[in-house]
Amino acid sequence: MPTEWSKTPEGHDRLTLWPHQSLPPRGFVLFIGSTCVMLTLPLLALLGSVLLWALLPFLMMAVAGVWFAIHRNRRAAQLRETLTLGPREAYLLHERHNAAPMEWRCNRYWARAELHLASGPVPNYVTLTGNGRTVEIGAFLSEDERVALYHEMSARLRASAE
């Protein structure tokens, strides 16, 4: 699960969430390189003909389109959610690439995690409620990961109320 519980320098609990990246940078380079090789192999038969020059721009546009689509998807997935549970406050920070960070603060005693089995935009939708606001957390996780996240957060929030 792409989550990590840690301690802040002050000793508070911190949960960091990020989307799973199935294609690391090295895999991206290998994929684009192998795509170029596979597209150029059939062109070897056309060496010395005018047809090579007619097909080449379209193949280059295809590689550029794949590169652009994968690169844009990777940049859009550069987000991070950080939930910090202090002795008196729960603080959620949602950071996205090229967007202003979104924050949520609440008295930790009143904060509660909720699991919406079917009523959310995705199955097993997890929200945090408190201070008159409801915010989503971990919407990019898989269904099973959201259920595990809900149980972990509920246990940590309950531990503070006792």
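This report walks through the sheets, hairpins, salt bridges and a surface patch of one predicted model.

A quick word on ground rules: residues are numbered from 1 along each chain as its sequence is written, and side-chain values use heavy atoms, with hydrogens and water left out. Since the model is predicted, local features need pLDDT of at least 70 and side-chain atom pairs count only at pLDDT 80 or more, while totals for chains, interfaces and linings use all residues.

## The five-stranded sheet

Let's start with an open sheet of 5 strands, in the order β1-β2-β3-β4-β5 and with antiparallel pairing. The edges belong to β1 (3-7) and β5, each with a single partner strand, so one side of each has no neighbour in the sheet. On average, neighbouring strands here are turned by 15° against each other, direction ignored. Strands in this report are DSSP runs of E with at least two residues, helices are runs of H or I with at least four, and both are numbered from the N terminus. Two strands pair if DSSP finds at least two bridges between them. For the angles, axes are lines fitted to C-alpha atoms (for helices, over the stretch in contact), and values run from 0 to 180 degrees between N-to-C directions. As general background, strands of a sheet pair through backbone hydrogen bonds, either parallel or antiparallel.

Strand β3 (residues 79-85) pairs with β4 in the antiparallel sense over 7 bridges. Within that pairing, R80 has E95 in β4 as its bridge partner. The two strands, β3 and β4, form a hairpin with 3 residues between them.

Next along, β4 and β5 run antiparallel and are joined by 6 bridges. A90 has C106 in β5 as its bridge partner, and H94 stands opposite M102 in β5. The hairpin of β4 and β5 has 5 residues between the strands, and that is where N98 takes a positive phi near 55°. In chain terms, N98 lies in the loop between β4 (89-96) and β5 (102-107). N98 is exposed, with a relative accessible area of 67% (buried means under 20%, exposed over 50%, partly exposed in between, with a 1.4 Å probe and protein chains only).

## The three-stranded sheet

There is also an open sheet of 3 strands, ordered β6-β7-β8 with antiparallel pairing. Here β6 and β8 (133-136) take the edges, each with a single partner strand, so one side of each is left without a neighbour in the sheet. The twist averages 30° from one strand to the next.

Strands β6 and β7 run antiparallel and are joined by 5 bridges; L115, for one, has V126 in β7 as its bridge partner. The loop between β6 (112-116) and β7 (125-130) holds N124. N124 has a phi near 55°, a positive value in a residue other than glycine. Is N124 buried or exposed? At 12% relative accessibility, N124 counts as buried.

## Salt bridges

How many salt bridges does the structure hold? It holds 4 salt bridges, a salt bridge being a side-chain nitrogen of Lys or Arg within 4 Å of a carboxyl oxygen of Asp or Glu. Among them are these:

| Pair | Closest N and O atoms |
|---|---|
| D13 and K7 | 2.7 Å |
| E89 and R105 | 3.2 Å |
| E114 and R112 | 2.7 Å |

The pair of E89 and R105 links distant parts of the chain, with E89 in strand β4 and R105 in strand β5, 16 residues apart. E89 is partly exposed at 33% relative accessibility, and R105 is partly exposed at 41%. In the pair with E114, R112 counts as partly exposed at 45% relative accessibility. Salt bridges that share partners join K7, D13 and R156 into one network. Of these, D13 counts as buried at 13% relative accessibility, whereas K7 counts as exposed at 56%.

## A nonpolar patch

Finally, the surface: V37, L41, L44 and L47 make a nonpolar patch of about 410 Å². Patches are made of residues with over 30% relative accessible area and no salt bridge, with like charges joined within 9 Å and nonpolar side chains (Val, Leu, Ile, Met, Phe, Trp, Tyr) within 5 Å. Accessible areas come from the Shrake-Rupley method with a 1.4 Å probe, and for residues only the protein chains shown count as cover. L44 sits in the loop between α1 (25-40) and α2 (50-76), and at 53% relative accessibility L44 counts as exposed.
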